[in-house]
Amino acid sequence: MQKFIIRLKEENQNLIDSSEIECFALDSELPAGLNEKLAKQLQAKNKIVLSMGANAVELCQSLSLDGVIIDMSQTPHPKALMDNLRQQLGKDAVIGAITRNRRHEAMIISEAEPDFLIFQAWKDGQPQVAELVQWYNELFLIQSAVLLREEEVSFSDFECDIVIISDKEYNFFVAKKQRLD
């Protein structure tokens with residue numbers, strides 16, 4: 001079964017307290033006070049806390065988070081960027097790398113050795129992304145993840161290790177699953 005990374009956009013004590021969720025991502029675009037409060041609550045629960053967004057590295061460093069989710073899709077030199085990130089954040093930091101949904105780019109970024117490679121999924125391209133993730137998993141040992149960019153995307157269609165989903169989407173998924181059970 002896939003693991004989840006929950007993108008928190010607001011304080012949600014039920015999710016923070018959940019024993020089923022191990023990893024959360026804080027958006028660097030959220031107010032600093034909210035990110036600090038969420039980070040303290042999550043760290044007190046021994047959760048893995050990552051940062052994402054334009055200022056992910058700075059947020060990770062300032063709040064002593066476990067790592068980052070970085071968009072490497074526009075990076076001409078992914079290996080140099082990854083080396084720089086490992087130097088800034090430490091060799092034990094968790095680094096997820098977002099790629100455009102292209103095979104060649106996925107291969108190049110994987111050569112930089114992130115902890116997991118992230119494909120992006122929109123409703124319109126869902127079958128193509130599912131095929132791309134399947135192809136990737138057959139060739140690479142680095143874990144694959146799918147970042148759901150729209151609420152209508154069904155994560156169950158992807159054979160990935162990790163799904164990155166918003167807190168709102170996760171709550172909807174749990175409510176729907178409970179109704180079906």
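This briefing covers aromatic pairs, the largest pocket and one serine in the structure above. The model is predicted. It holds five aromatic pairs. Its largest pocket has a volume of about 570 Å³. Phe4 belongs to an aromatic pair, and Phe4 is also among the residues closest to the centre of that pocket.

**Phe4 and Phe155**

- The ring centres of Phe4 and Phe155 are 5.2 Å apart.
- Their planes stand at 85°, so the pair is edge-to-face; the cut-off for that label is over 60 degrees.
- Phe4 sits in strand 1, which spans residues 3-8.
- Phe155 sits in the loop between strand 7 (143-148) and strand 8 (162-166).
- The pair therefore ties together parts that are 151 residues apart in sequence.
- Both Phe4 and Phe155 are buried.

**The aromatic cluster**

- Phe119, Trp135, Tyr136 and Phe140 form one aromatic cluster.
- Within this cluster, Trp135 and Phe140 make an edge-to-face pair.
- Their centres are 6.2 Å apart, with 65° between the planes.
- Trp135 has 14% relative accessibility, so it counts as buried.
- Phe140 has 22% relative accessibility, so it counts as partly exposed.
- The limit that separates these two labels is 20%.

**The largest pocket**

- The volume of the largest pocket is about 570 Å³.
- The lining has 27 residues.
- Closest to the pocket centre are Phe4, Glu20, Ile21, Glu22 and Tyr170.
- Four elements each give two or more residues to the lining: strand 1, helix 1 (13-17), strand 3 (48-52) and helix 7 (167-180).
- Helix 7 gives the most, with six residues.
- By class, the lining has 14 nonpolar residues, seven polar ones and six charged ones.
- Strand 1 thus appears in two topics, because it holds Phe4 of the Phe4 and Phe155 pair and gives residues to the pocket lining.

**Ser166**

- Ser166 lies in strand 8.
- Its relative accessibility is 9%, so Ser166 counts as buried.
- Leaving aside residues up to four places away in sequence, Ser166 touches Ile6, Arg7 and Lys9.

Note on methods
Residues numbered from 1 in each chain as written. Predicted model: local features only at pLDDT ≥ 70, side-chain atom pairs only at ≥ 80, totals over all residues. Heavy atoms only, no water. Phe/Tyr/Trp six-rings, centres within 6.5 Å; stacked < 30°, edge-to-face > 60°. Buried < 20%, exposed > 50% of the residue type's maximum accessible area, 1.4 Å probe, protein only. 1 Å grid on protein atoms, 1.4 Å probe; cavity = no way out; pocket = protein on both sides within 12 Å on 5 of 7 lines; lining within 4 Å. Points joined across faces, edges and corners; volume = space filled by probe spheres on them. Nonpolar A, V, L, I, M, F, W, Y, C, P; charged D, E, K, R; others polar. Contact = heavy atoms within 4.5 Å.
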